[in-house]
Each structure stands twice: as structure tokens, then as C-alpha cells.
Amino acid sequence: MISFPNQPASFQGGSVLLDRALGSFLGVAIGDALGATVEFMTAGEIAGRYQIHQEIIGGGWLNLKPGGVTDDTEMALALGSALIASGGWNPRAIADAFVTWVRGNPVDIGNACRRGISRYIADGSLCAPPADENGGNGAAMRNLPTVLASLASEELLIERSLEQAHITHNHPKSDAATAALARMTRRLLLAGEQAACNQIADHLIARHPAFGFKPWPGKTSGYVVDTVQTVFDGFFNTGSFEACLVRVVNRGGDADTTGALAGQLAGALYGVQGIPVRWLKKLDPAVTTAIYIQTQKLLKLSGPDIMATI
Ligand code: MN
Ligand code: MN
């Protein structure tokens, strides 16, 4: 049994799969908390102010407390809570959880997410109409709980990932990115295979050449193509959780979301044990506890075969 650095007192420790799953979910929150400080800054502005931004200090345009998180982590937790309360896959419960989250007056929200949730409130429909302006990263950024609850089948994971994505985003590039990131995270959680991630990235780029990231094209916006390129460049060109996140967030732009997605992949590969303890200690304790509780429950939703390995 592995015990995890900074784990809640009530927590018993667990398996390699649990280490990776917790690493991935904590990675989302830590990437969000670290990146939010420099969201919408340029790389030059970040270097001028911090040299290298590598501590969780809050601030940023949202004026966060150190360790505070934003919509990326909050929407993932909302999605996770819906699956746990439903005991399984339930898109309407996910949409309802997004509504509850919006009504709680969140610190920030993306345009497509706002539009999609407003549409659901107005007409109850679970699928946004296809739209060019829905190519943002908001569907991909919140999808980790779907992966944790759907490890048994890649096919089912992709189907579910697109279903939750379409509540707010219906766009071929968002769909392709959401599915590819989900497949990668699943392979990392089950087998720690970064090589498999390379193949999934190649497959994505073969079908959608816009996602090519070698050399890194230099864009960091919330457009899902820019986001994925920045995340892949960080993930495939570094050898630790810390190096990956520092490389990604110091590029600025949508740094909380590139940070969150880089944290999702790197956390799944390196586990909680690969996350710097100083970052784990800075994360909002309520978020840490929610992630520990949700991660165990979501993995159980992946079924008895997966649980046998925990
Ligand atoms: Mn955010
Ligand atoms: Mn963002």
C-alpha cells in the first residue's frame, strides 16, 4: 500500500492505480492553481515579473487566494459529483450539476460553457448545436472524472466524453481533443504508458493536422488546438511533473487550463508521488479532500475488474 504525501488524515493509502488517478486529479487542480496566477499574461510579461513562475501564490486577474482554483477544477468536481450521486453515467445529472455550479456564482466561466448551460436551463436539451465558436477548451478541461469512471472500455469512454462535451461544446476539434486526451489519460492510468500517448497524439494529428505541435507553434489561447499543442509540447518534452507544468504555465495565455490539462497527463504518468510536496501543501485543503473522496468513488464506477487492481 502506497501512502501519499500530504494525504488527508483519514486516508489509508492505496494502489499504483490510485496513485496515478489521484495524481491526475490533483494535477488538474494544481495546474489550475499555478497557472491562474499568470492567465492572460504573455511569456514576456511572466518572465519580467517572476523570471520563472513556479510557486502557487494566487493572485492573477481573478485575485485568487494561494491554492485557490477556477472553473477548470470546479467543473470537473461538478461532473464528478454528478456521476457519484447517480451511481454511474448520467448526462442530465451532469448538466444539472453545471447549473448548480453556475448558480453558485463561480469565480469565472468560459463563454461556450455559459452559453451551453443557459441553453440547457432554457430548453433542457443536452446537446449544443454545432457551432464554429464552440472550439474552446472548456469541454476537454473538465473531462477527467469521465475517464476515472470509464476505465474498463475505451469505446465507452470516448462515447461518454463526447456526450458530456456536447452539453456545451459541439465542434470537431473540441471533440477530437477531448477524446484524445481521455484516451491518453486512460492508458497512463492503467499502464503508465507514455509511448501509447505518442501514438494517440500521432493519430489525432493524422486526422486533424492542425494539432501538429513539433515545433511548438507558439499560441496559448483558449482555442482547443492552441491549448492541446501547448500541453503536448510540455508533456512530451519534459521528464517530471514539475518540469512539465512549469514549461506550460510560463507560456501564459490560457495558463490555468493548459496547466490543468498538463497536470492531468503528468499526474497520471508520475502519480501523486511525482508532484512536488510544496505544491500539494498549497492547494486549498477543501479541494484536496474533495479530490481524494471523488477519485476513489469514481474509480469504483469503472467496475469490479478495475477495482480488483486497486
Ligand atoms: Mn479557469
Ligand atoms: Mn482558463
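A helix axis here is a line fitted to the C-alpha atoms over the stretch in contact, and the angle between two axes runs from 0 to 180 degrees between their N-to-C directions. Keep that in mind as you click around this predicted model.

**Stop 1: helices H9 and H10**

Select H9, residues 194-207, and then H10, residues 224-236. Their axes come within 12 Å and cross at roughly 150 degrees. Angles over 145 degrees count as roughly antiparallel. That makes H9 roughly antiparallel to H10. The crossing of this pair is left-handed.

Now show the side chains where they touch. From H9 you want Gln194, Cys197, Asn198, Ala201 and Leu204, which meet Val228, Phe232, Phe235 and Phe236 of H10. Try colouring this contact by residue type: you should get 7 nonpolar, 2 polar and no charged residues.

**Stop 2: the loop between H9 and H10**

Stay with these two helices and pick the loop that links them. Pro215 sits in this loop, and the peptide bond joining Lys214 to Pro215 is cis, with omega about 0 degrees. Why stop for that? Because most peptide bonds are trans.

Ala210 lies in this loop too. Is Ala210 buried, partly exposed or exposed? With a relative accessible area of 38%, Ala210 is partly exposed. Draw a distance from the C-alpha of Ala210 to that of Asp226: the two are 16 residues apart in sequence and 9.1 Å apart in space. If you ignore neighbours within four places in sequence, Ala210 is in contact with Lys173, Val225 and Gln229.

**Stop 3: helices H4 and H5**

Next, select H4 (residues 91-103) and H5 (residues 111-123), whose axes come within 10 Å and cross at roughly 110 degrees. So H4 is roughly perpendicular to H5. Here, too, the crossing is left-handed.

To see the contact, show Arg92, Ala95, Asp96, Phe98, Val99, Trp101, Val102 and Arg103 on H4, then Ile117, Tyr120 and Ile121 on H5. Colour by type again and you get 8 nonpolar, no polar and 3 charged residues.

**Stop 4: salt bridges**

Side chains of opposite charge can pair when their charged atoms come close. How many salt bridges does the structure hold? There are 6 salt bridges, and we'll visit some of them.

Begin with Glu193 and Arg187, whose closest N and O atoms are 2.6 Å apart. Glu193 is partly exposed at 29% relative accessible area, and Arg187 is partly exposed as well, at 30%.

Then go to Arg251 and Asp233, where the closest N and O atoms are 2.4 Å apart. Arg251 is in the loop between H11 (241-249) and H12 (255-270), while Asp233 is in H10, so this salt bridge ties together parts 18 residues apart in sequence. Switch on a surface and look at each partner: Arg251 counts as partly exposed at 22% relative accessibility, whereas Asp233 counts as buried at 4%.

Move on to Glu242 and Arg278, which meet in a salt bridge at 3.0 Å, N to O. Glu242 belongs to H11 and Arg278 to H13 (residues 277-282), so the pair ties together parts 36 residues apart in sequence. Both count as partly exposed, Glu242 at 26% and Arg278 at 33%. Add Glu55 to your selection, and you have a network of salt bridges linking Glu55, Glu242 and Arg278.

**Stop 5: Lys282**

While you have H13 on screen, pick Lys282, which is found in that helix. Lys282 counts as partly exposed at 42% relative accessibility. Which residue, 226 residues away along the chain, has its C-alpha 6.6 Å from that of Lys282? Select Ile56 to see the answer. Leaving out neighbours within four places in sequence, Lys282 is in contact with Ile56, Pro66 and Gly67.

**Stop 6: two backbone angles**

Last, a look at phi. Most residues other than glycine have a negative phi. Phe40 is not a glycine, yet has a positive phi of about 75 degrees. Find Phe40 in the loop between H1 (16-36) and H2 (43-50), where Phe40 is exposed with a relative accessible area of 54%.

Finish at Asn63, also not a glycine, with a positive phi of about 50 degrees. Asn63 lies in the loop between H2 and H3 (71-86) and is exposed, with a relative accessible area of 64%.

Notes
Residues numbered from 1 in each chain as written. Chains lettered and ligands numbered in written order. Predicted model: local features only at pLDDT ≥ 70, side-chain atom pairs only at ≥ 80, totals over all residues. Heavy atoms only, no water. Helix = DSSP H or I, 4+ residues; strand = E, 2+ residues; numbered from the N terminus. Parallel < 35°, antiparallel > 145°, perpendicular 65-115°, else oblique. Left-handed = near helix turned anticlockwise from the far one by under 90°. Contact = heavy atoms within 4.5 Å. Nonpolar A, V, L, I, M, F, W, Y, C, P; charged D, E, K, R; others polar. Salt bridge = Lys/Arg side-chain N within 4 Å of Asp/Glu carboxyl O. Buried < 20%, exposed > 50% of the residue type's maximum accessible area, 1.4 Å probe, protein only.
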